[in-house]
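Dear colleague,

Please find below the structure I am handing over to you, followed by an account of what was found in it. I should be grateful if you would read the notes alongside the coordinates.

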Amino acid sequence: MARLRDHQKALELRTQGMSYSQIRDILGVSKSTLSPWLKDYPLSKERIGELRDHNEKRIERFRQTMQKKRNDRVEGVYTVQKKKLLPLSKRELLIAGLMLYWGEGTKSGTSALLLANTDPAMIKFFMRWIDKSFGISKNMLRIRLHLYKDMLVKDQLRYWSRELKIPTSQFSSPYIKKTTSVRINHKGGFGHGTCNIGVNSVPLKEKVLMSIKAIADAYAIK
């Protein structure tokens with residue numbers, strides 16, 4: 001008797017233009033059961049189009065909802081970690097900069113304390129670190145960009161000058177790579193090239209590298 005009621009209700013819902021999924025959710029009946037009941041009640045092309053459009057909008061709303069939840073969650077983590085970690089003491093800033101240089105800085109082949117990266121935030125941190133830890137102000141720094149041949153050089157010089165608040169007079173002539181956009185990434189994007197920034201000082205470079213070695217030696221697995 002219950003099955004008959006479900007059958008009748010399914011037909012009623014189908015004539016109202018509902019999809020198999022919608023009817024299944026309402027009645028709790030599987031699609032395999034609905035299929036023979038509704039095989040003679042196809043939906044019109046117009047109705048199928050309406051359901052598809054509705055489904056796409058529902059998926060997009062769901063995606064936006066999930067993205068907002070993720071953003072809220074990450075923002076919460078950011079707030080907690082910011083409160084926990086900042087501000088850095090002078091010693092903490094020194095060590096953080098040493099770790100950055102260990103990973104991204106030039107270790108050999110030149111007397112310059114030199115760091116290269118595509119991320120302006122990392123370059124700015126390096127500038128703050130070298131100033132606060134070693135007294136190297138930004139007017140003492142020299143910069144050279146590594147760009148690609150398809151890029152507008154003047155635009156990138158202005159971009160990095162504006163980001164770092166350093167006049168273009170402190171920039172050396174950029175190194176232009178021959179690589180085409182196809183070789184850079186699958187989207188063919190350039191970004192803003194690579195910024196190489198540093199200062200020529202053998203004593204300073206030795207001090208930084210030996211500080212890194214001291215930490216590495218102390219924490220090496222024996």
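In helix α9 of this predicted model, the buried residues include L204, K205, V208 and I212. These four cover an arc of only 105° around the axis, and therefore lie on the same side of α9. This may be set against the general geometry: an α-helix has 3.6 residues a turn, so residues three or four places apart point the same way. The other side of α9 carries the exposed residues P203, K207, M210 and A218.

Which elements cover the buried residues of α9? Among them are two helices, α5 (90-104) and α6 (120-134), together with the strands β1 (112-117) and β4 (194-200).

The length of α9 was also checked. The helix comprises 18 residues, 202-219, which at 1.5 Å a residue should span 26 Å; the C-alpha atoms at its ends are 26 Å apart, in agreement with that value. At the start of α9, the backbone nitrogen of L204 has a side-chain oxygen of S201 within 3.2 Å.

Two points of backbone geometry, both in loops, deserve a separate mention. The peptide bond that joins L86 and P87 is cis, with omega about 0°; P87 belongs to the loop between α4 (45-85) and α5. The second point concerns K165, a residue other than glycine whose phi is positive, near 55°. K165 is found in the loop between α7 (153-164) and β3 (175-177). Is K165 buried or exposed? Its relative accessible area is 60%, and since the cut-off for exposed is over 50%, K165 counts as exposed.

With kind regards

Key. Residues are numbered from 1 along each chain as its sequence is written. This is a predicted model: local features need pLDDT of at least 70, side-chain atom pairs count only at pLDDT 80 or more; totals for chains, interfaces and linings use all residues. Side-chain values use heavy atoms; hydrogens and water are left out. The expected span of a helix is 1.5 Å times one less than its number of residues. Buried means under 20% relative accessible area, exposed over 50%, partly exposed in between (1.4 Å probe, protein chains only). The arc is that of the directions from the helix axis to the C-beta atoms. Contact means heavy atoms within 4.5 Å. A polar contact is a pair of N or O atoms within 3.5 Å; within protein, one must be able to donate a hydrogen and the other to accept it, and residues adjacent in sequence count only if both atoms are side-chain atoms.
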